[in-house]
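Thank you for making time for this. I would like to walk through one structure with you, so please keep the sequence and the model in view while I talk.

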Amino acid sequence: MFCKDKDLSGAARARRQGHHSPAPQRPASLLLVDADAEFSQMLSLYLRGQGFQVATEADGADGIGAALARDYDAIILGAALPSVDGIAVLRQIRRYRDVPVIMLTAEGSRAERIAGLELGADDYLDKPCDPRELAARLRAVLRRQTRAGGMASALAMGGLVLYPQFRKAYQNEEALPLTATEFNVLQLLLQAGGTVLSKDELTRHALGRRRESYDRSVDVHISKIRQKLHAGSGHAVEIETVRGVGYCLRTTS
């Protein structure tokens with residue numbers, strides 16, 4: 001197979017009829033791990049003002065402990081940390097958690113970006129970053145998680161099955177360990193049903209932002225998904241590269 005607004009009177013009536021507004025959702029919980037105390041204080045104050053719950057750590061080893069001790073909705077991770085650097089922290093987090101991670105890398109450090117993405121970071125921003133952009137990317141990550149989790153139908157192709165409602169993936173009935181963004185990318189490809197998706201589309205819908213010039217984020221996520229698919233027994237699904245266009249799924253048989 002080849003690639004191919006309610007008015008006030010209405011609200012008042014609803015209250016008289018016994019209808020109630022849904023309970024407000026709990027604030028999203030974030031863990032910020034960064035060695036720059038002034039930057040962390042500024043950023044955490046801004047994010048709390050935006051409605052997030054924020055816990056902070058300044059040391060890599062403490063960041064690992066905090067990340068594994070609680071289920072956070074997302075983690076913001078600096079690359080330069082004392083004790084244990086950010087890349088090593090990410091490696092430990094990915095052994096036990098699929099929580100979305102946004103890396104804060106040194107400005108212009110392509111090596112840090114690629115290393116973080118290859119280890120399972122969902123996105124990155126250069127430091128110093130605009131707090132508004134970081135908050136926007138966090139909301140995009142959380143919206144994608146919510147939308148995907150609300151889809152009850154399983155997606156399947158050639159022994160590969162995704163359950164968006166539960167954020168679980170299986171290949172030939174064996175669990176497929178995907179990060180949050182890897183899951184989103186694979187889900188989009190499955191939903192496309194063999195149709196080619198461009199890198200711009202995948203970046204926009206899986207990462208929640210526009211693709212930048214020379215942006216290899218999607219390519220790195222695709223590479224990691226391929227490795228995980230090939231590591232399983234009898235894989236019958238491949239991610240095919242359509243040169244100059246993008247990617248699609250196809251069965252190998």
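**A partly exposed arginine, and what surrounds it**

Let me begin with Arg 143, which counts as partly exposed because its relative accessibility is 46%, where buried means under 20% relative accessible area, exposed means over 50%, and partly exposed lies in between, with a 1.4 Å probe and protein chains only. Arg 143 belongs to helix H6, residues 131-149, and helices (H or I, at least four residues) and strands (E, at least two) are here DSSP runs, numbered from the N terminus. The C-alpha atom of Arg 143 is separated by 9.0 Å from that of Gly 208, although the two residues are 65 apart along the chain.

Before I go on, some ground rules: this is a predicted model, in which local features need pLDDT of at least 70 and side-chain atom pairs count only at pLDDT 80 or more, while totals for chains, interfaces and linings use all residues. Residues are numbered from 1 along each chain as its sequence is written, and side-chain values use heavy atoms, with hydrogens and water left out.

As an overview, the protein has nine helices and twelve strands, and of its 253 residues 45% count as buried. About 13200 Å² is exposed, with carbon and sulfur atoms supplying 50% of it; these areas come from the Shrake-Rupley method with a 1.4 Å probe, and for residues only the protein chains shown count as cover.

Let me turn to the sheets, where two strands are said to pair if DSSP finds at least two bridges between them. One open sheet has five strands in the order E2-E1-E3-E4-E5, with parallel pairing, and its edge strands, each pairing on one side only, are E2 (53-57) and E5. From one strand to the next the twist averages 20 degrees, the axes being lines fitted to C-alpha atoms, for helices over the stretch in contact, with angles running from 0 to 180 degrees between N-to-C directions. Within this sheet, strand E1 (residues 29-33) pairs with E2 over five bridges in the parallel sense, and Leu 30 stands opposite Val 54 in E2.

A second open sheet has four strands in the order E6-E7-E8-E9, with antiparallel pairing, and here E6 and E9 are the edge strands, each pairing on one side only. E6 and E7 run antiparallel and are joined by three bridges, with Leu 162 in E7 as the bridge partner of Leu 155. Helix H7 packs on this sheet and touches E6, E7 and E8, its direction making about 115 degrees with that of E7; contact means heavy atoms within 4.5 Å.

Further along, E11 and E12 pair in the antiparallel sense over six bridges, with Ile 239 opposite Leu 249 in E12. These two strands form a hairpin with three residues between them, and Gly 244 in the turn has a positive phi of about 80 degrees. E12 is also joined by two bridges to strand E10 (residues 197-198), the two running antiparallel, and five of the six residues of E12 are buried.

Which parts of the chain supply the largest nonpolar core? By a nonpolar core I mean a set of buried Ala, Val, Leu, Ile, Met, Phe, Trp, Tyr and Cys residues joined through side-chain atoms within 4.5 Å. The largest has 26 residues, and Leu 160, Leu 186, Ile 239 and Leu 249 are among those with the most contacts inside it. At least two of its residues come from each of E6, E7, H7, H8, H9, E11 and E12, and H7 gives the most, with seven. A second, separate core of 21 residues includes Leu 31, Val 33, Ile 75 and Val 220.

Val 220 is also one of the buried residues of H9, among them His 221, Lys 224 and Leu 229. The 15 residues of H9 should span 21 Å at 1.5 Å a residue, and the end C-alpha atoms are 22 Å apart, which agrees; the expected span is 1.5 Å times one less than the number of residues.

Finally, some backbone details. A cis peptide bond, with omega about 0 degrees, joins Lys 127 and Pro 128, and Pro 128 lies in the loop between E5 and H6. Glu 173, in the loop between E8 and E9, has a positive phi near 70 degrees although it is not glycine, and it is exposed at 77% relative accessible area.
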